[in-house]
Amino acid sequence: MKGLVLTFALLAAFTSCKKTNPNYQQEASNPKFLERAQNMLTESIIHDIFAPPVSSRIYMYASVAGYEGAIHADKRFRSFVGQLNGFEKVAQPEVGLEYCYPLVSTRAFLSVGKKLTFAQELYVEFDKQIEADFRKTGMPDDVYERSVALGDSIAASVMRWAAMDNYKQTRGFRFTVTNLPGTWTPTPPAYMDAVEPYWTKVRPVILDSSAQFRAPEPSKFDLTKGSPYYKEVMDSYETVKNLTSEQRDIANFWDCNPFKMNITGHAMFATKKMSPGGHWLGIVAQISRQYNKPYVETAEALALTSLAIFDGFISCWDEKYRSIRIRPETVINASIDKTWIPVLQTPPFPEYTSGHSTISRAAAEVLTKVYGDNVAFNDSTEVPYGLPPRKFTSFIQASDEASISRLYGGIHFRPALDEGAIQGSKVGQWLLANVKTRK
C-alpha cells in the first residue's frame, strides 16, 4: 500500500513538473494578448453596428478594466479609483497568493467587452484559443483559475460603475427635427434619425460636465453672398469640386463610418467599418508593437486614450445638439447646387463641432504625452478595409489629417474642424492634468 501511495505521489509530482514553466509569467506578459482582445472587441463592435459615441463607451470601460488588472504586476502604476468620476472601488488580489496579472487584465477586458456587446457567438472560438494560449505558457492550474476569477471580479466592479453612468436612461429617446432655417435634418441616402441626441446626459469620466469646454457659437446662418456663413458653404462646395487624388485618399482613409448605406438601383446594403475611436485605439496597438512596450504600459496607453476619446465625444455631442447645425449636403443641395454630392456619406447627426476633429486631437494629446513628440509611424489600421497605410511624423499630424479629411469628404464646414480640434485638445490636456497613472 505504501508503495502504491508513493507511486501516485511521484506521478503527480512528475505531471506537475511537466505542466509548470518557471518562466510562465514572462511568456504570459506578451502584450499581444491584450492586442488580440482589443481586436476581438473591435470585431464585435463592428458586427453590432454601434454608433461612435456608444463604441467609445464600450472601449473605455473595457480598457479601464484591463488596466486595473494589469497594474498589480508593476508597483510604479496607480489605480484609477478615486480619479475618475464615480469610480470608487475595484476588486483586489488576495495578499499572499500568486496571480498572472496579464491574464487577469485580458480576462477583465474581455469580460467587460462581452457584457457591453451583443454578438456573444463571436467570442466562442476566440475564448477557447486565448485560454489555450495562456495555458501553453505553462502556468500552474491554480494560478490560472485564480487569475481568471480576479479578472471577472474586476470586470464586475467596472460594470457596477458603468451601470451608474445614465446610459440606460438615454435609451429610446428620439430627436425632434425642428426644420428651422440652418438646423440639421436627416440626410440621404438612408435619412436616418439623429444619433445619440441625449449623449450629454451620460456621465463623463474626467470632465466636470459635458459643457466644460464649450465651443463658441458657429457663424449665423446667412446665405447672403459675402457673409461669413456663405463663405464657409462655398469653401466646402469648392473643395469637393476640386479635390486632388491625395485629398480623396485622405477622406476615405479617415472615413470610419460604422454604417454606410449603399444603394444600387432598387437594392440597398450596408458597409460596416470600425469607428473613429477604434481607429485611434488601433494606432495605440501599432505603436506598442513598434516600440516593444511591455504589457502594463500597453494597457496604460489604451486606457488613457480611451478615456480621452470617451469624454471627447461627450464634449463634442454637447455642442452638436446645442447648435443643431445643418450639414453641407443639405444646404448646398437646397441653395447652391442640387447635383452636388459629398465624397463621404453624411453621418446622421448635426455638423458642429466635428467628432473626428475632437476625439482625434484628444487622443493625440494623450499619445504625445505617453510616447513623446515626433513619433513617426505607419498607420495600417484601415488595411483590412482595402486602404493602404499612411505615414505620419507625429500624433498631432495624424489628428490634423483626420480633421481636414472631413472637409475633403464634404461633410463638414471648416470652423467645425478648427473648433473641434481646440475642444479635443482641451479634453486631452485636462485628462493629463487630472489623471495620474504613475506613482
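How many disulfides does the count come to? I began my entries here, working on a predicted model, and the count came to zero disulfides.

**Cysteines**

I looked up Cys256 and found it in no disulfide, with the nearest cysteine sulfur, that of Cys316, 14 Å away. Read from the other end, the sulfur of Cys316 has its closest cysteine sulfur in Cys256, and at 14 Å the two are too far apart for a bond. The cut-off I needed for this step is 2.5 Å between the sulfur atoms. I also checked accessibility: Cys256 is buried, with a relative accessible area of 3%, and Cys316 counts as buried at 0%.

**Helices α8 and α12**

I turned next to a helix pair, for which the description rests on the angle between the axes and the distance between them. Helix α8, residues 228–241, packs against helix α12, residues 328–335, at an angle of about 95°, and the axes are 10 Å apart. The two helices, α8 and α12, are therefore roughly perpendicular to each other. On the α8 side I noted Tyr229, Val233, Ser236 and Tyr237 as the residues that make the contact, and on the α12 side Pro328, Val331 and Ile332. Sorted by character, the residues of this contact of α8 with α12 comprise six nonpolar, one polar and no charged.

**Aromatic pairs**

I then went through the aromatic rings, where the count comes to 24 aromatic pairs. In one of them, Phe87 and Trp161, the ring centres are 4.5 Å apart and the planes stand at 35°, so I entered the pair as tilted. This pair links distant parts of the chain, since Phe87 is in the loop between α4 (52–70) and α5 (101–116) while Trp161 is in helix α7 (residues 141–162), 74 residues apart. I found both Phe87 and Trp161 buried.

Trp199 and Phe310 form an aromatic pair that I recorded as edge-to-face, with 6.5 Å from centre to centre and 75° between the planes. Here again distant parts of the chain are linked: Trp199 is in the loop between α7 and α8, Phe310 is in helix α11 (residues 295–323), and their positions lie 111 residues apart in the numbering. Both Trp199 and Phe310 are buried.

Which residues form one aromatic cluster? I listed Phe253, Trp254, Trp280, Tyr371, Phe377, Phe392 and Phe395.

**Backbone in the loop between α7 and α8**

I looked at backbone geometry with the usual expectation in mind, namely that most residues other than glycine have a negative phi and that most peptide bonds are trans. Pro188 and Pro189 are joined by a cis peptide bond, with omega about 5°, and Pro189 has its place in the loop between α7 and α8.

Tyr191 is found in the loop between α7 and α8, and its phi is near 50°, a positive value in a residue other than glycine. Is Tyr191 buried or exposed? I found Tyr191 exposed, with a relative accessible area of 51%.

Glu196 is found in the loop between α7 and α8 as well, and has a positive phi of about 50° although it is not a glycine. Glu196, in contrast to the exposed Tyr191, is buried, with a relative accessible area of 13%. Leaving aside its neighbours within four places in sequence, I listed the contacts of Glu196 as Pro53, Val54, Arg171, Trp317 and Tyr321.

**Thr353 and Ser357**

I found another cis peptide bond between Tyr352 and Thr353, where omega is about -5°. Thr353 lies in the loop between α12 and α13 (355–371).

Ser357 is found in helix α13, and at 1% relative accessibility I counted Ser357 as buried. What does Ser357 touch, not counting residues up to four places away in sequence? I noted Ser403, Ala416, Leu417, Gly420 and Ala421. As a last entry I looked up Ser357 and Arg214, which are 143 residues apart in sequence and 15 Å apart in space, taken from C-alpha to C-alpha.

Key:
Residues numbered from 1 in each chain as written. Predicted model: local features only at pLDDT ≥ 70, side-chain atom pairs only at ≥ 80, totals over all residues. Heavy atoms only, no water. Buried < 20%, exposed > 50% of the residue type's maximum accessible area, 1.4 Å probe, protein only. Axes fitted to C-alpha atoms, helices over the stretch in contact; angles between N-to-C directions. Helix = DSSP H or I, 4+ residues; strand = E, 2+ residues; numbered from the N terminus. Parallel < 35°, antiparallel > 145°, perpendicular 65-115°, else oblique. Contact = heavy atoms within 4.5 Å. Nonpolar A, V, L, I, M, F, W, Y, C, P; charged D, E, K, R; others polar. Phe/Tyr/Trp six-rings, centres within 6.5 Å; stacked < 30°, edge-to-face > 60°.
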